[in-house]
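Colleague: I should like to learn how to read a few features of a structure. Could we begin with accessibility and then turn to salt bridges and helices?

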Amino acid sequence: MSEDFYIKRNNKNMDTIDRLLEELPAFCNDYFLGIDSQTSTLTRLNYAHDLKIFFFFLQEKKYRGKKLIKEISLDDLEQITSNDIEYFLSFLSHYHYCDTVHNCNDRAKARKLSSVRAMFKYFFNKGYISVNNAAKVSTPKLHEKPIIRLDSDEVFDIINTAESGYGLTPHQLSYHEKNKVRDSAILMLFLGTGIRISELVGLNNEDLNFKDNSFIVTRKGGSKSILYFDNDVAEALKRYIEYKDQTCDVIKEPDALFLSNKSSRITVRAVENMVHKYAKIVSPLKNISPHKLRSTYGTQLYKATGDIYIVADVLGHRDVNTTRKHYAAISDDNRRAVAGKVKLKRDDE
């Protein structure tokens, strides 16, 4: 199986990390080298972005005499108190950075705090600093977000909308005839297997096996899994592959399964926009993304099987508690089903 997509993605991430490290304090190079073998490039990229905001805050609020973030030293890091980090979390609520106003919610604050904690823990464990004050800071309280998903009728409607184009604007319809077979196949694959958007975009033609309706996905962290799809998904994929072979004369990335209008591998952003376009028609009050289609599949699979472990395995969750939190919650159907179960009067009254 060709891994060009994942190699390119990792190389792009590493290039961006290198550029960010040029702006960060010199000791950050040691940190990123130390975590290289335990983390993915995407994790390290997120850490680098978060730490750049943290050091920007320190330069702005604590070490104002330093003209550059790079001037912050390990000695300065050791002088940072838990109060400083709590101030950082407050700062994230509303701050100006790169000529833009930013507002972080509690979930975003928690992620940035996690990045800061990981760095402090590394230098503390290595003996470069004598105290880990980041460990003393409490994580912002996170409120459970409602699980947004499509109901059964909306699943049928979004696929029908992709096939028919009903409800699209005249501008959208001008592209619909060319893209409807591809879009239908993508929606069917999302709703029929629950794969992540990065897994879908990274699919190659050779990953599909129609003999047993299986395909290979590259999971988060680089591991590979074999998943299966039903005959409806198989037919949608076959129609798209046949259409692609008949209409695409020059393909820039011949290994890629799903192509853009420019005959190169479709991007994550393009898939997000496509899903939003159709979802807005069938369910205008729900902000449906590719991840919400994954939630839709996970919920339906749990309802059909009642087996949280098989749902976790199919979705690629490392921790079954993640699956349980999202898909084993009481649904409206459950609530309706228990209504009237508790008797308040005798049957003969």
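Modeller: Certainly. Buried means under 20% relative accessible area, exposed means over 50%, and partly exposed lies in between. Please bear in mind that this is a predicted model.

Colleague: Is arginine 111 buried, partly exposed or exposed?

Modeller: Its relative accessibility is 41%, so arginine 111 counts as partly exposed. Aspartate 50, at 2%, counts as buried. The side chains of these two residues meet in a salt bridge, with 2.7 Å from N to O. Arginine 111 belongs to helix H6 and aspartate 50 to helix H3, and the two are 61 residues apart.

Colleague: Which residue forms a salt bridge with lysine 66?

Modeller: The partner is aspartate 76, and the closest N and O atoms are 3.2 Å apart. Lysine 66 lies in the loop between H3 and H4, whereas aspartate 76 is in helix H4, so the pair ties together parts 10 residues apart in sequence. Both lysine 66 and aspartate 76 are buried.

Colleague: How should one read the two sides of a helix?

Modeller: An α-helix has 3.6 residues a turn, so residues three or four places apart point the same way. In helix H1, residues 4–21, the buried residues include Phe5, Asn13, Ile17 and Leu20. Seen down the axis, the buried residues of H1 fall within an arc of 140°, so they line one face. Lys8 and Lys12 are exposed on the face turned away from that buried side.

Colleague: What covers the buried residues of H1?

Modeller: The cover includes helices H2, H3 and H9, together with strand E4.

Methods:
Residues are numbered from 1 along each chain as its sequence is written. This is a predicted model: local features need pLDDT of at least 70, side-chain atom pairs count only at pLDDT 80 or more; totals for chains, interfaces and linings use all residues. Side-chain values use heavy atoms; hydrogens and water are left out. Helices (H or I, at least four residues) and strands (E, at least two) are DSSP runs, numbered from the N terminus. The expected span of a helix is 1.5 Å times one less than its number of residues. Buried means under 20% relative accessible area, exposed over 50%, partly exposed in between (1.4 Å probe, protein chains only). The arc is that of the directions from the helix axis to the C-beta atoms. Contact means heavy atoms within 4.5 Å. A salt bridge is a side-chain nitrogen of Lys or Arg within 4 Å of a carboxyl oxygen of Asp or Glu.
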